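Dear colleague,

I am handing over a structure that you have not yet worked with, and the notes below it go through what was found. Please read them with the structure open beside you.

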Amino acid sequence: MRPLTSRVRAGVLLIGLGASLSACRSGLPVPSSDMPPTTSTSYSAPPVQTHTLTVTPPAPASSSAASLEPAAIDRVFQVYMNGLANHDMTALRSGTCPRLRETLLGFELHGHYVERWQMLPYSVPAGQESVTVQATVTQRNARTGKLAGDVVYSWNVERNEDTSYYVCGWLDYNR
């Protein structure tokens, strides 16, 4: 039998390392031994330790929740805004999310009533349970009854666990 050259030993070592690394990437057990090789002519298996590498795939980029439905957003916002404009507390409460209903005190926004309103275009972000919507509101001064100009207000519309849609927060206004 011909003795192994250093090139052949290096090749065998690289092949062995490649097999171990590919086994690690696959999540297969990789045998390893901390015992030095024996030189006896009879073969006895060294104690084997196994290490398992588990690779967890990354989470999906988008949520599995269905996107918000623009028609449902429009419906609930119309109920809410018409409740404000028509001074209809029943409609206003039905369009307001349950956690905020008891905080409703009246129909004024910064001392003004809603004379009329128009919803502005909005986009629905994928995988979200809420969206910010805006409306141009023509105001009427609650004390004097005079028209007070137009402002743009923002509200949050949310979908809750039972897939109902509600207006859940009046945010701000821009003149």
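Before the findings, one term is needed: a pocket here is an open set of points on a 1 Å grid over the protein atoms alone, with protein on both sides within 12 Å along at least five of seven lines. Please also keep in mind that this is a predicted model.

The largest pocket holds about 250 Å³ of space. Its lining is made up of 15 residues, and those that lie nearest the centre of the pocket are Tyr-80, Thr-103, Leu-104, Leu-109 and Trp-170. Two or more residues of this lining come from each of helix H2 (70–85) and strand S6 (165–174), and it is S6 that gives the most, with 4 residues. Sorted by class, the lining of the largest pocket has 10 nonpolar residues, 4 polar ones and 1 charged one.

As for the protein as a whole, it has 3 helices and 6 strands, and these elements follow one another from the N terminus in the order α-β-β-α-α-β-β-β-β. Of the 175 residues in the protein, 24% are buried, while the area that the protein exposes comes to about 12,200 Å², with 56% of it supplied by carbon and sulfur atoms. Among the contacts in the protein with a separation of 6 or more, 47% are between residues that stand 24 or more positions apart.

With best wishes

How values were computed
Residues are numbered from 1 along each chain as its sequence is written. This is a predicted model: local features need pLDDT of at least 70, side-chain atom pairs count only at pLDDT 80 or more; totals for chains, interfaces and linings use all residues. Side-chain values use heavy atoms; hydrogens and water are left out. Buried means under 20% relative accessible area, exposed over 50%, partly exposed in between (1.4 Å probe, protein chains only). Contact means heavy atoms within 4.5 Å. Accessible areas come from the Shrake-Rupley method with a 1.4 Å probe; for residues, only the protein chains shown count as cover. On a 1 Å grid over the protein atoms alone, a cavity is a set of points where a 1.4 Å probe fits but cannot get out, and a pocket is an open set with protein on both sides within 12 Å along at least five of seven lines; lining residues have an atom within 4 Å of a point. Grid points are joined across faces, edges and corners, and a volume is the space filled by probe spheres set on the points. Ala, Val, Leu, Ile, Met, Phe, Trp, Tyr, Cys and Pro count as nonpolar, Asp, Glu, Lys and Arg as charged, and the others, Gly among them, as polar.
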